[in-house]
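Colleague: Before we discuss charged side chains, could you put the sequence and the model in front of us?

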Amino acid sequence: MATVLICRRFPRLSRATAFSTTARREAESRSSTSEQKKEENPERAKAGDEPAATIQLLKPVDYRVPYNPSAYARSRAGRSSSSQAPGDGLTSAAAVQLSLGTASSRALHPSPRKAHPKPKLPAAQTKEEAEEEEREKHDSKEDPRVFQQGRPEYRALSYDKSEPIEPLPLEERDGILQAVAIGRTNLSPAAITDYFLKLSRLPAEHHSALAFQPEFHTLCVCAAQSLAALGTGDLVALLKACVRLGLPAAHPLLDACDREFCRRAWDMQLEQLLLVADCWRYLERSVPSFLGILFSYANRHWQELTLPRFVQLVYIIGEGRRSPRDLTQKVENMILKHLDSFTLEELGAICLGLFKSLSGISDHVMRKIADRVSVQMGNMSTYALVNVLKMLRYARMDHLPLLRELGRVIPPRVPTTNTQGIMHITLTCSSLHYFDEGILAAVAKALPSKATYCRSKDAAKLLWSFGCLDYEPPNEEEFYSSLIEQMCRKLHEFRKFPEHLLTGLLGLAFVERFPEELIDYAFGDEFVQKTRKSKYELQKDLFTLSKSVEIECPSYQGNLLPPHLYQEMTEMALNFAEQEIYVRPEIVEATSLLQSVLGGPEYVRNHMILPHTRSSDLEVHLGPDGRPIPFNLKDFGAEKKLEDMGVSLTDDLMAQLIRGRCDSPSALEGENEARTHSQERGGEARDRALLSGGLCLKASPSLQPQGLKVAIQVSNRNHFCYCSKRLLGLHRLKRRQLRRLGYVVLELPFWEWFPLLKRTRLEKLSYLQYKVLDPALLSQAA
């Protein structure tokens with residue numbers, strides 16, 4: 001039986017040691033259909049059927065080591081599992097197996113530890129396992145329609161598969177098929193419709209056999225040819241029969257029905273149009289022309305929209321992934337009009353429809369929705385609540401009462417919530433930069449036993465969310481190893497969704513975890529080409545990951561990005577910084593004032609020390625005595641050309657410049673006196689005299705002893721978790737890497753610096769001198 005070995009991170013290891021492996025991969029040939037199904041449903045496969053996966057984690061240098069839930073927490077039987085990503089059923093390649101390469105002789109052999117066991121499903125499931133599997137099932141057709149159970153009006157607006165229908169006896173089926181075979185040229189439209197409706201009453205287990213009957217094919221052809229002769233009610237009934245029979249979305253009869261409904265749509269009732277749209281959704285058929293007519297019709301007959309019709313329309317808008325712009329304002333007005341009348345499930349359905357169609361919504365309307373949800377969250381199903389969270393995330397709404405209530409309601413529900421719901425809850429917290437340890441700890445505790453149900457998207461975004469919020473739970477080894485194993489199992493999905501692999505790997509990098517084989521695969525030529533063809537901008541993520549591996553994992557020997565990509569990505573980052581970062585007022589002000597404090601532009605450089613971290617630094621060098629050292633000669637030379645430095649060229653100063661050194665104290669005093677006299681006209685000398693009692697000597701860098709490199713971070717709110725001083729993962733990673741490169745990191749936190757921007761120049765200078773020339777920096781470096 002194949003086993004899964006996870007070499008996890010080890011705390012408190014020597015700075016000089018690092019794990020090292022030679023990455024190897026073997027891509028299996030295309031698997032049989034049965035093998036593919038096992039890969040798509042790993043939770044149902046035997047342990048021995050799963051691909052072997054051995055992951056080695058690179059160790060960076062200096063390791064630190066009353067409520068009735070529905071949908072996401074249900075136990076309804078008879079659902080088919082669709083918890084895999086959309087690409088699961090389409091890929092024909094078996095999972096790529098990752099094999100552990102021969103370790104380098106310099107690799108540290110880990111001490112014995114209890115390995116996290118690979119989940120096993122016995123042949124006979126226990127009751128708990130069966131319940132868990134049932135909870136994990138997600139029906140993309142039925143789950144979004146739970147709101148329709150709340151009002152009887154929806155029966156006329158939607159297809160109801162639970163509607164009682166008298167089953168057709170098999171003898172009658174045979175008689176109908178025989179009648180079709182005999183009178184195929186003489187069948188009337190009424191007879192054709194009657195036959196079709198009767199056959200749709202066959203038990204579901206006989207539908208697949210019916211599809212292969214030549215007489216049924218003949219009946220479908222006849223039905224398609226007679227649609228124009230049918231009344232609208234009969235035409236709608238025929239479409240509902242197609243739904244019951246489960247005709248494939250591309251069936252020729254459905255093509256004919258689509259054309260006929262588009263032709264007569266303007267003569268139909270709004271109720272009928274909504275029902276037809278719902279049938280198309282149930283058939284999973286894309287009907288953009290029909291939906292366009294429906295939305296135009298609804299816009300013209302908006303006064304006919306009752307509350308149920310409105311909710312059903314928004315549901316159709318979401319399932320069609322279309323956002324009609326001319327309805328946006330009307331939708332918002334209708335939400336506000338009926339806000340207190342919607343059931344909580346309807347409110348969730350509205351949010352899901354807006355989210356799926358990428359419909360913009362004003363902050364005012366979103367806040368009103370959040371206000372209601374925050375006071376009734378305990379009575380809301382988890383599925384409806386997750387839909388509200390999706391829209392909250394999309395709107396970037398920082399609604400603190402809702403988020404705090406979330407921390408009270410969600411943790412007890414996590415064990416009975418499926419992985420997709422858990423992923424969306426966690427992703428909402430990380431997207432809004434909201435740190436709630438209770439939610440994250442509950443998720444981490446429940447995830448290891450649920451990991452095999454994760455799609456590649458779920459595993460990646462869970463890793464991203466924990467890394468973004470820089471949270472490592474009490475069961476961190478078990479939590480991370482289970483998700484890394486699942487990433488390995490789902491490796492084949494990343495060929496179609498490369499963004500998910502980079503998302504997961506970046507989340508791991510934030511918390512200093514680097515699975516070598518997955519990283520080696522991500523830097524391979526084939527995967528890099530897929531990222532360049534993606535509809536998402538993935539180059540920045542590749543850049544961040546690659547440079548992080550270079551800095552934190554010097555023993556890594558796998559694939560690397562080609563040099564031309566590094567140059568391209570660096571230039572892209574620098575161009576962005578020049579346009580968006582360097583010009584920010586808080587950074588411009590800090591740069592200018594630091595030049596005054598330290599002695600000029602040659603003492604400060606505003607740039608990105610680490611371009612892959614996408615934020616700027618103010619670099620300053622200090623000598624062993626704490627005095628600033630000039631190093632930014634490039635910027636200093638450019639500034640000298642642009643402005644008068646205010647230095648008087650005395651005879652003594654000219655002699656000093658010609659000889660390259662100062663012969664006498666009087667010459668130096670003369671230079672300082674002349675420079676001070678000139679700069680006092682601009683006020684800068686007075687500021688520096690008040691601060692430091694004199695000017696700093698500007699010696700050549702080559703004559704200075706090796707000093708201290710300081711990276712000053714001018715932070716803002718987006719660097720921290722919401723309403724806290726907890727750094728986000730990317731910025732924690734940046735400061736960690738700066739220290740590894742020998743820098744002392746100094747923070748100008750926004751809660752101190754931003755208020756000072758409104759104060760006097762002298763107060764700002766005093767603050768900067770206190771921060772930058774603090775003797776504690778030297779002791780910190782030591």
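Modeller: A salt bridge here is a side-chain nitrogen of Lys or Arg within 4 Å of a carboxyl oxygen of Asp or Glu. The model is predicted, so local features need pLDDT of at least 70 and side-chain atom pairs count only at pLDDT 80 or more, while totals for chains, interfaces and linings use all residues. Residues are numbered from 1 along each chain as its sequence is written, and side-chain values use heavy atoms, with hydrogens and water left out.

Colleague: How many salt bridges does the rule give?

Modeller: Applying that distance rule to Lys or Arg nitrogens and Asp or Glu oxygens, one arrives at a count of 36 salt bridges. Among the residues involved, Arg-281, Glu-319, Arg-321 and Lys-356 are linked in a network. The count asked for is 36.

Colleague: How many residues apart in sequence are the parts that Asp-278 and Arg-145 tie together?

Modeller: The side chains of these two residues, Asp-278 and Arg-145, meet in a salt bridge at 2.6 Å, N to O. Asp-278 lies in helix α9 (residues 270-282) and Arg-145 in the loop between α2 (127-136) and α3 (170-182), where helices are DSSP runs of H or I, at least four residues, numbered from the N terminus. The pair therefore ties together parts whose separation in sequence is 133 residues.

Colleague: Is Asp-278 buried or exposed, and at what relative accessible area?

Modeller: Buried means under 20% relative accessible area, exposed over 50%, and partly exposed in between, with a 1.4 Å probe and protein chains only. Its partner Arg-145 is buried at 3%. Asp-278 is buried, with a relative accessible area of 0%.

Key:
Helix = DSSP H or I, 4+ residues; strand = E, 2+ residues; numbered from the N terminus.
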